[in-house]
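Biologist: Let's go through the labels on this one and see what backs each of them up. Can you walk me through it?

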Amino acid sequence: MRRFIPVLLASVTLTNSQALSQPSLSQASTCQRSNAQNFLVFGGGGGPSYNEIALEKNMLYFQRSLKELGYNPSVAPIYFANGNTGEKTVRYLDERGREQYKTHTIPNVKGASSIANLRTWLTEAAKEKSSTPLFFYFSGHGGHNRVNEDNSTLLMWRDRQLNVQNFTQMLDRLPQNKPFVTMMSQCYSGSFANLIYRGGDPNKGVALQTRCGFFATIKSRPSVGCTPEVNEADYRDYSSSFFAGLTGRDRVGRKVASADYNKDGRIAYSEAHAYAKVDKFTTDLPISTSEAWLQRQVSNPTMQEQILGQPIAPLAKIARPEQRFVIESLSKQFKFDPARSFRGNLQAMKPDLVKTAEDEAYLVRLSMELTNVAMERRVKTSKDAKAIATLNRLLRCESGSWGKP
């Protein structure tokens, strides 16, 4: 299987290329924005045939996560698939493995996951000039823009597509002092890391608004997790791990190891992201906005070769605590010698340690983390004040957390 690893590594090398009875939308947004943290959730498939029950269960797990951290789940408006029309649009497999459809059972759904509802909600948010942070969660499907992977799409209800640039243009209307954080788990979700740029276009420079996000996988690859299977104990996906890391409980209620890697008494988004990189055995390649930005600074394959040719231990030493956790955990998983480089360890590794696509993906995750650390140090020790300021702003945004309600 090792013959495929260089191909996977190449796929993550980024260059400086041109990167019913319910409150009204206005009432709902005004009400929920009175808390210490604002929330907005969109989810579901674009049609019944791919509106899997796992997406419904993701909405329910998100509500349980809110409750775990002391929030009333009703503070988060949820727009899911067909909304409250009563249609049987959730696809699942019964105990005999037969395909069935049912209505959703998510409390407090405000409407359908339509582009119009999203635009209306964000327009109302822009009017309030509030500096309260907004956390946006999307759990659905994504479309791949093969012509421009920096501008792929969210698939909204009735198969409507919302691309990165149009989505970001909505965000551009939010107050400049309102931080925006997102977690997205759809296929090709890494494309939405470009929301940090004006209009979502890497050629236009980083936006003035503070925006950041966490994504299940890089812009060129599908993600895992959308299944019609009912048993949540079998779910393996980025969002399950992210919220487990953030709250300390997995989706079936079991306590998990603390993700408070810097021991400051709270779980930052970046720490939950690190937890998710190690937690579940999947083919996803999780990435954040700062990581996508850093990897875009890798100007050529030779630079990445140099990074992966450095000993692992010194890179782990200069890493932030959550980065060190990822490096040390994944190095241990493959029995890597930290005194040697990633490339050196890879060449000496026993073939039986890499048997599956998941094994390969975990190796790529390690290579990505080492690249992130090296590039972060390179930027911070440079004399490029603009680049340093951009990186620091992204890292501050990613180190936020759900504040106390």
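Modeller: Sure: buried residues make up 58% of the 405 residues in the chain. Keep in mind that this is a predicted model, where local features need pLDDT of at least 70, side-chain atom pairs count only at pLDDT 80 or more, and totals for chains, interfaces and linings use all residues. Residues are numbered from 1 along each chain as its sequence is written, and side-chain values use heavy atoms, with hydrogens and water left out.

Biologist: Why does serine 114 count as buried?

Modeller: Buried means under 20% relative accessible area, exposed is over 50%, and partly exposed is in between (1.4 Å probe, protein chains only). Serine 114 has 19% relative accessibility, so it counts as buried.

Biologist: What makes cysteine 212 and cysteine 397 a disulfide?

Modeller: The rule asks for a pair of cysteine sulfur atoms within 2.5 Å. Theirs are 2.2 Å apart, and that makes a disulfide. The pair ties together distant parts of the chain, 185 residues apart, with cysteine 212 in strand 10 and cysteine 397 in helix 14. Strands (E, at least two residues) and helices (H or I, at least four) are DSSP runs, numbered from the N terminus.

Biologist: Why is cysteine 212 called buried?

Modeller: Its relative accessible area is 0%, so cysteine 212 is buried. Cysteine 397, at 7%, counts as buried too.

Biologist: Why is there no bond from the sulfur of cysteine 226 to the closest cysteine sulfur, in cysteine 187?

Modeller: Those sulfurs are 6.4 Å apart, so they're too far for a bond.

Biologist: Is cysteine 226 buried or partly exposed?

Modeller: Partly exposed, because its relative accessible area is 35%.
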